[in-house]
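Here's a quick briefing to get you oriented. Have a look at the structure first, then come back for a walk through some of its details.

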Amino acid sequence: MKNKLLSVTIIILLGIIAAFSFSACNNTETPPERKLERIEIASGSEESYKTEYVLGDELDVAGLSINAIYSNGDTEPVSVGRTMVADFDSSTPIEQLVLIITYQGKTTQYNVKIRGPESIRVKSTDHKIDYNVDETLDVSNLVIEADFGSGIKKDIIVTADMVDGFDSSAAKNNLPLTISYGGRNVQYDIKIIAPVDEPETIAIISDTHKTQYELDEDFDISGLEIEVQYNSGAVDVMPVTSDMVSGFDSSSYAVDQVVTVSYGDLSVSYLVNIGKATSFSVLLGNGKTLYRIGETLNTEGIKIALSFSFSDEKVILDIEPSWIKGFDSSKVEIALRLDVEYEVWKSKFSNEKKILSREFYVSITSGDIYMISDVEITDMEGNPYTPPRGDGALESYANSFIELRSRIFQQVIREKGAFAALGGYWSMENDKLVLDFFSKIYECTFEDDTIILPPFEMKGWFEEPSYLVTLTFTLSTM
């Protein structure tokens, strides 16, 4: 009996073992795939990440994490990066701004607050507050301070779109402008300044003011006017006052004395004469007196010497081309007369004026030009000629020849077989030079480039006797 019971027990145990072995052999299937089903803000993390911002803040995701929940029930924490968050904008205050977090195609959201300032004030001190009429708004250097409470303050650079109320079309002593930021306003004041006429140029426009004075005569301001032009385009004519004038001095004679009229920082000048010139002479000096056909007048080096009745001294002036009349270089002229006209004075009440005149001569040629040199004046014995003492007029006359007559014999021209000299006429006949000088005819020997004048009379202007001298000079091509 006992053996039978033991056998049954063994059979049962073997059956159980076989059943477990069969079950183990058939358990080889792949577990189901794990899928992300959703994401959610990690519970309990609300205190660790930022949910309140002020205007202008940047997104801060420090401490922000989500839970990734899978289909098999698994849950994994994930730290949130800035690129995972969308729709953040701190430019405008808002009580609840919804931000979207995306992770592997799944989204969740959380809310933040954008807080505006509690107050704002103008902080800068070097911004522009003075404007001219029609000038545009300038917010350079304009800065406000925004106070957000809790000790948070920010400096905000103001842009033109934040400012309201600007109008520079008319002058205003006080114009308030309003700056708006984050729902708060603050004002600052500017000034619109009316345009100020600034003088740009002045000019003397009167033509009746006094320009001719006697020695020690007082300055006469009557009739003297200036025209003032302003930057606005306005023009004003005003009389000149004595305190505007400088440079006048009638204590000694003067020609073209510069008198200056000043107005503000501007000045203009005009010329006056002290004493009236009674005559003048033309000083050719090294000035040009020989011209080829077609050349223009050249007054360089030519001057006039003004004489005054009250002084032996002379005033030397450079000649002005406008003073010279009669110049014409279109054709050959052996001796072309030019008249010099110098205005001594002009009436301030009428067109009456006094003009002195003097003439000089130039030559117009199409031929060769020669220069006289090596001039000698000798007496009949061949000795250098010396005028007798005491005959001042004769001495002056003779010295004029020794010095090439100052001007007359400086230059000679040759034109169609003839020579010409200023103040006298020369012609060449049968190898001899004939001089017609001051209505006297002299026949000269012409040997190569040397010209020998035969004995001719040198006569004193007021005294006798006359003297016979010989003039010798050389021609050289210029």
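Let's start with a single residue: if you set aside neighbours within four places in sequence, S250 is in contact with E214, L215, D216, E217 and I274. What you're looking at is a predicted model. The chain runs to 478 residues, of which 35% count as buried, and it holds 2 helices and 37 strands. Among contacts in the chain with a separation of 6 or more, 52% come from residues 24 or more positions apart.

**Around S250**

- You'll find S250 in the loop between β19 and β20.
- Buried or exposed: which is S250? S250 counts as buried because its relative accessible area is 9%, and the cut-off for buried is under 20%.
- The side chain of S250 also reaches the backbone oxygen of E217, at 2.8 Å.

**The sheet next door**

- The strands on either side of that loop, β19 and β20, belong to an open sheet of 4 strands with mixed pairing, in the order β16-β21-β20-β19.
- Its edge strands are β16 (212-213) and β19, each of which pairs on one side only.
- β19 (residues 245-246) and β20 (residues 254-263) pair in the antiparallel sense over 2 bridges; if you want to spot one, look at S246, whose bridge partner in β20 is T260.
- β20 also pairs with β21 (residues 266-274), again antiparallel, this time over 8 bridges. V259 has Y270 as its bridge partner in β21.
- β20 and β21 make a hairpin with 2 residues between them, and G264 in the turn has a positive phi of about 65°.
- On its other side, β21 pairs with β16 in the parallel sense over 2 bridges. Here Y213 has I274 as its bridge partner in β21, and I274 is also one of the residues that S250 contacts.

**V268, a residue of β21**

- V268 is found in strand β21.
- V268 counts as buried because its relative accessibility is 18%, while the cut-off is under 20%.
- Leaving out neighbours within four places in sequence, V268 is in contact with I202, A203, I204, V259, T260 and V261.
- V268 and T201 are 67 residues apart along the chain, yet their C-alpha atoms are separated by 9.0 Å.

**Nonpolar cores**

- Which residues touch the most other members of the largest nonpolar core? Among its 43 residues, the answer is I66, I101, Y110, I144, I179 and Y181.
- Plenty of strands chip in: β1 (36-41), β2 (52-54), β3 (65-70), β6 (94-103), β7 (106-115), β10 (143-149), β13 (172-181) and β14 (184-193) each supply at least two residues of this core.
- Y181 is a good one to click on: not counting residues up to four places away in sequence, Y181 touches L55, P117, I120, I144, A146, F148, I156 and M162.
- Another core, this one of 24 residues, lies apart from the largest one; its members include V255, Y291, I302 and F360.

**Aromatic rings**

- The structure holds 9 aromatic pairs.
- One of them is W323 with Y342, an edge-to-face pair at 5.2 Å centre to centre, with 75° between the planes.
- That pair links distant parts of the chain: W323 is in the loop between β25 (311-318) and β26 (324-325), Y342 is in strand β27 (residues 333-346), and the two are 19 residues apart.
- Both partners are buried: W323 has a relative accessibility of 16%, and Y342 has a relative accessible area of 6%.
- Y213, which you met in the pairing of β16 with β21, also forms one aromatic cluster with F219 and F248.

**Charges over rings**

- How far from the ring centre of Y70 is R34? R34 lies over the face of Y70, at 3.9 Å from the ring centre.
- Likewise, the charged end of R358 sits over the ring of F280, 5.8 Å from its centre.

Notes:
Residues numbered from 1 in each chain as written. Predicted model: local features only at pLDDT ≥ 70, side-chain atom pairs only at ≥ 80, totals over all residues. Heavy atoms only, no water. Pairing = 2+ DSSP bridges. Core = buried A, V, L, I, M, F, W, Y, C linked by side-chain atoms within 4.5 Å. Buried < 20%, exposed > 50% of the residue type's maximum accessible area, 1.4 Å probe, protein only. Contact = heavy atoms within 4.5 Å. Polar contact = N/O pair within 3.5 Å; in protein donor to acceptor, adjacent residues only side chain to side chain. Phe/Tyr/Trp six-rings, centres within 6.5 Å; stacked < 30°, edge-to-face > 60°. Lys NZ or Arg CZ within 6 Å of the ring centre and 35° of its normal.
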